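User: Please take a close look at a single part of this model, the packing of helices against one another, and work through it carefully. I would like one connected account, with the individual residues placed in their setting as you go.

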Amino acid sequence: MANRFSDWPTVGGPLPERMSKAEGVVRHISEIIMNKQVEPGDRLGTKEELRQRFEVSVGTFNEVVRLLETRGLVEARPGPRGGIFVSSPSAHIRLSHLILGLGDDALSVANSLEVREALEVTIAEHAAREAGEEQIGRLREIVALMADLRDDPAGYLARNWELHEAIARISPNRLLCTLYVSLLDTARESVREIAPDPGFAAGFEANLQLHRDLVDAIASGDARLARRAAEAHTPPRSSAPAPRG
């Protein structure tokens with residue numbers, strides 16, 4: 001496909017005062033990719049074309065490319081027909097506002113997370129009926145630790161999954177628990193890198209609140225409240241939206 005960068009609209013509002021030039025360019029390009037204004041495989045331009053477009057130094061734009069590659073959004077190709085291209089999504093999946101680099105395991109991990117998602121309501125109902133004070137205390141402790149990880153996406157995801165595993169282990173249905181934890185382990189073992197998308201910081205409190213609400217519902221002992229909290233945490237799929245985490 002032809003070079004698209006000259007057609008890009010201005011997106012987002014003014015940059016935060018502490019955001020560097022590189023972070024500002026990364027946010028701009030990331031939003032365009034995430035908003036599907038370009039497609040996997042599209043050539044965005046050469047490094048020099050893009051550098052001039054954003055009016056930054058060579059060193060700054062090299063940092064931009066490094067950050068975008070780390071987040072799995074672009075790939076740099078050498079040669080006369082090379083340049084910066086939108087990455088194929090096959091090696092990455094999105095989990096809420098996180099981008100997980102998974103090598104060649106993206107499809108199997110996505111499938112595992114989809115099955116895990118389907119079990120969330122039952123797991124939450126079991127936990128509401130069975131959780132004791134010590135178990136509730138542990139869930140609250142994990143959520144409190146999650147609240148301190150706004151600037152650590154990888155740590156936040158690790159605690160997130162720790163919380164869901166702890167909820168699953170409350171269930172008296174050992175087969176269900178084993179299956180759920182196995183699905184989480186499949187994802188844990190396959191993740192090679194974790195990077196936030198532009199909406200991670202803005203959506204942090206909302207995602208954290210979903211988990212607080214889930215723990216509060218389980219602590220209430222009311223399976224109906226737990227069901228509603230789990231459903232809010234895992235909304236119905238319209239096509240293929242990313243799991244909430």
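Analyst:
**Helix packing and its setting**

In this predicted model, the side chain of Asp42 comes to 2.9 Å from the backbone nitrogen of Glu39. Asp42 belongs to the loop that runs between helix 1 (21-34) and strand 1 (43-45), and this residue is buried, its relative accessible area being 3%. Glu55 is also a loop residue, placed between helix 2 (47-54) and helix 3 (58-70), but it is exposed, with a relative accessible area of 69%. The phi angle of Glu55 is near 55 degrees, which is a positive value in a residue other than glycine.

For the chain as a whole, the model shows nine helices and six strands, and of its 245 residues 45% count as buried. Among the contacts with a separation of 6 or more, 69% are between residues 24 or more positions apart.

The part to examine closely is the packing around helix 8, beginning with its contact with helix 6. The axes of helix 6 (residues 153-168) and helix 8 (residues 200-220) come within 12 Å of each other and cross at roughly 15 degrees. An angle under 35 degrees counts as roughly parallel, and helix 6 and helix 8 are therefore roughly parallel to each other. The crossing in which helix 6 passes helix 8 is left-handed. On the side of helix 6, the residues that make this contact are Pro153, Tyr156, Asn160, Leu163, His164 and Ile167, while helix 8 contributes Phe200, Phe204, Asn207, Leu208, His211, Leu214, Val215 and Ile218. Sorted by class, the contact of helix 6 with helix 8 consists of ten nonpolar and four polar residues, with no charged residues.

Within that contact, Asn160 deserves a separate word. Asn160 sits in helix 6 and is buried, with a relative accessible area of 2%, and its side chain is joined to the side chain of His211 by a polar contact of 3.4 Å. Asn160 and His211 both appear among the residues through which helix 6 and helix 8 meet.

Helix 8 also packs against helix 5 (residues 133-146), with the two axes 10 Å apart and an angle of about 175 degrees between them. That angle makes helix 5 roughly antiparallel to helix 8. In this contact, Ile136, Leu139, Arg140, Val143 and Met146 of helix 5 meet Phe204, Leu208, His211, Arg212, Val215, Asp216, Ile218 and Ala219 of helix 8. By class, the contact of helix 5 with helix 8 is made up of nine nonpolar residues, one polar residue and three charged residues. Phe204, Leu208, His211, Val215 and Ile218 of helix 8, which are among the residues that meet helix 5, are likewise among those that contact helix 6.

Another residue of helix 5 is Glu133, which is exposed, with a relative accessible area of 78%. The C-alpha atoms of Glu133 and Ala219 are 8.3 Å apart, although the two residues are 86 residues apart along the chain. Ala219 is itself one of the residues of helix 8 that meet helix 5.

Returning to helix 6, its packing with helix 7 completes the picture. The axes of helix 6 and helix 7 come within 9 Å and cross at roughly 165 degrees, an angle that makes helix 6 roughly antiparallel to helix 7. This crossing of helix 6 and helix 7 is left-handed. Helix 6 makes the contact through Trp161, Glu162, His164, Glu165 and Ala168, and helix 7 through Cys177, Tyr180, Val181, Leu184, Ala187 and Arg188. Its composition by class is seven nonpolar residues, one polar residue and three charged residues. His164 takes part in this contact with helix 7 and is also among the residues of helix 6 that contact helix 8.

The loop between helix 6 and helix 7 (174-190) contains Asn173, a residue that is partly exposed, with a relative accessible area of 33%. A polar atom of the Asn173 side chain lies 3.2 Å from the backbone nitrogen of Leu175. The C-alpha atoms of Asn173 and Ile123 are separated by 9.2 Å, with their positions 50 residues apart along the chain taken as a separation.

Methods
Residues are numbered from 1 along each chain as its sequence is written. This is a predicted model: local features need pLDDT of at least 70, side-chain atom pairs count only at pLDDT 80 or more; totals for chains, interfaces and linings use all residues. Side-chain values use heavy atoms; hydrogens and water are left out. Axes are lines fitted to C-alpha atoms, for helices over the stretch in contact, and angles run from 0 to 180 degrees between N-to-C directions. Helices (H or I, at least four residues) and strands (E, at least two) are DSSP runs, numbered from the N terminus. Angles under 35 degrees count as roughly parallel, over 145 as roughly antiparallel, 65 to 115 as roughly perpendicular and the rest as oblique. A crossing is left-handed if the near helix is turned anticlockwise from the far one by less than a right angle, and right-handed if clockwise. Contact means heavy atoms within 4.5 Å. Ala, Val, Leu, Ile, Met, Phe, Trp, Tyr, Cys and Pro count as nonpolar, Asp, Glu, Lys and Arg as charged, and the others, Gly among them, as polar. Buried means under 20% relative accessible area, exposed over 50%, partly exposed in between (1.4 Å probe, protein chains only). A polar contact is a pair of N or O atoms within 3.5 Å; within protein, one must be able to donate a hydrogen and the other to accept it, and residues adjacent in sequence count only if both atoms are side-chain atoms.
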